[in-house]
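Okay, thanks for coming, everyone. I'll put the sequence and the structure up on the screen, and then we'll walk through it together.

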Amino acid sequence: MSTVVPLKRQPADAKGYRILNRAAAVDHDEKRRVVAGLLATPAELSPKYFYDELGCALYGAICQLPEYYPTRTEIAIFRDHRTEIADAVGQGGQFVDLGAGDCCKAEGWLPFLNPSRYVAVDIAGPEIERSLARMAPDFPDIEMVGVVTDFSRALDLEGALLPGPATFFYPGSSIGNFTPEGALGFLSGVRRYFDDGREGSGLLIGVDGKKEKARLDAAYDDALGVTAAFNRNALLHLNRKFGFDFDLNGFLHRGFYNEAEGRVEMHLEAVRDQDVRIDGHVRHFATGERIHTENSYKYEPAAFIALLKGAGFDNVRIWSSPDRGYTVYFAT
Ligand SMILES: C[S@@+](CC[C@H](N)C(=O)[O-])C[C@H]1O[C@@H](n2cnc3c(N)ncnc32)[C@H](O)[C@@H]1O
């Protein structure tokens, strides 16, 4: 039996969507930074290299895993406190989704907040273009703008944001990918957008808390091996983007909670001695040597509120999961 799904038609006066591609501007230093990180000891790579097309799809699969609690926990907080959070945020204005990905979490908010403009910001251009094309017909009154940019360098919303209040939305505990100092800098950058004609703006952000090691270890090293594929795919991405010759079979996934540092770490570990060609260099990896690919810092509410205050936010409201393990903050 087949099901007929009516095609979505865009109303003639629908606002539609447009994409501002900031990633198209050549970043001459990008390759140099990647090469320097890989030649260093210990080797390191920014987690932004997870998110090519396959990486975005694998992240979507991670969110479905039984061990990966953050996505479903955060969505449950949004659902359980929908009215209170919507009242705090307010109606209208602009809604800026940082690291929007498939835009699904923001999509859940749009009918409750009725923004005039939705701005989806992400390094993964095809992912947000696809998401905005999917959403635009359902929200004909909302102007949709995609900004393809790397906000770990700077949050550049030139041309995407109008004067007037904006709610910045940063779900998924992605703030944990920054070091605490980096998070302070990033949040201060968001806070600066509130000045100069954007009084009444706010930040709605979801942050994972510290919890027992076994639960965190399982969440970042699942039995099916999806997180392992997500981590190892970064090497495929590098090979394609920069012409390196990593052998995927040469590296294993490691994901574990480092209690002393208060963060989950992901690494790629060499399973044997091997040489990799990296932009004219030959990098020898000894058996057991690792490339550090991600940190995911975990914050207790008191520590995260202190970080928000340090970044210039005066008022903070919070909503936590029943086990207090995950918290959503609204800061103004
Ligand atoms: C963990 S996913 C979260 C996706 C979605 N917001 C959610 O909560 O499910 C992180 C998202 O941030 C994007 N991202 C990662 N690093 C970025 C960077 N440096 N600049 C812009 N976007 C980035 C990724 O492409 C990805 O869509």
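I'll go through the ligand site, then the aromatic rings, then a few backbone oddities.

One caveat up front: what you're looking at is a predicted model.

So, the ligand. How many residues surround it? There are 17, and the closest are G99, K105, D122, D150 and F151. If you sort that shell by class, you get 7 nonpolar, 6 polar and 4 charged residues.

Let me go through some contacts. K105 puts a polar side-chain atom 2.8 Å from an oxygen atom of the ligand. Then there's the backbone: a polar backbone atom of I123 sits 3.1 Å from a ligand nitrogen, and for F151 a polar backbone atom is 2.9 Å from a nitrogen atom of the ligand. How much of the ligand does the protein cover? On its own the ligand has 590 Å² of accessible area, and the protein covers 90% of that.

Okay, rings. In general, you describe a pair of aromatic rings by how far apart the centres are and by the angle of the planes. Counting pairs with centres within 6.5 Å, we get 24 aromatic pairs here. I'll pick out a couple.

Take F178 and F186. Their ring centres are 4.9 Å apart and the planes are at 25 degrees, so this pair is stacked. The cut-off for stacked is under 30 degrees. And are these two buried or exposed? F178 is buried, and F186 is too.

Now compare F246 and F285. Here the centres are 6.3 Å apart with the planes at 45 degrees, so we call the pair tilted. What does this pair tie together? F246 is in the loop between α9 (226-242) and β8 (251-258), while F285 is in strand β11 (residues 281-285), so the pair links parts that are 39 residues apart in sequence. F246 and F285 are both buried.

F285 has another partner, by the way: R283 lies over the face of its ring, 4.3 Å from the ring centre.

There's a similar arrangement elsewhere, with R82 lying over the face of W109 at 4.5 Å from the ring centre. And W109 belongs to an aromatic cluster, together with F78, F95, Y118 and F169. So if you click on W109, have a look at R82 and those other rings as well.

Last topic, the backbone. Where's the cis peptide bond I want to show you? It runs from T41 to P42, with omega near -5 degrees. P42 is in the loop between α1 (30-39) and β2 (43-44).

Then we have two residues with positive phi that aren't glycines. N114 has a phi of about 45 degrees, and you'll find N114 in the loop between α5 (104-113) and β4 (117-122). S173 has a phi of about 55 degrees, in the loop between β6 (166-170) and α7 (180-192).

What about their accessibility? N114 comes out at 43% relative accessibility, so it counts as partly exposed. S173 is at 5%, so that one counts as buried.

One last residue before I stop: E67, in the loop between α2 (53-62) and α3 (69-80). E67 has a relative accessible area of 21%, so it's partly exposed, given that buried means under 20%.

That's it from me, happy to rotate things around if anyone wants another look.

Technical notes
Residues are numbered from 1 along each chain as its sequence is written. This is a predicted model: local features need pLDDT of at least 70, side-chain atom pairs count only at pLDDT 80 or more; totals for chains, interfaces and linings use all residues. Side-chain values use heavy atoms; hydrogens and water are left out. Rings of Phe, Tyr and Trp (its six-membered ring) pair if their centres lie within 6.5 Å; planes under 30 degrees apart count as stacked, over 60 as edge-to-face and the rest as tilted. Buried means under 20% relative accessible area, exposed over 50%, partly exposed in between (1.4 Å probe, protein chains only). Helices (H or I, at least four residues) and strands (E, at least two) are DSSP runs, numbered from the N terminus. A charge sits over a ring if NZ of Lys or CZ of Arg is within 6 Å of the ring centre and within 35 degrees of the ring normal. A residue is near a molecule or strand if one of its heavy atoms lies within 4 Å of it. A polar contact is a pair of N or O atoms within 3.5 Å; within protein, one must be able to donate a hydrogen and the other to accept it, and residues adjacent in sequence count only if both atoms are side-chain atoms. Accessible areas come from the Shrake-Rupley method with a 1.4 Å probe; for residues, only the protein chains shown count as cover. Ala, Val, Leu, Ile, Met, Phe, Trp, Tyr, Cys and Pro count as nonpolar, Asp, Glu, Lys and Arg as charged, and the others, Gly among them, as polar.
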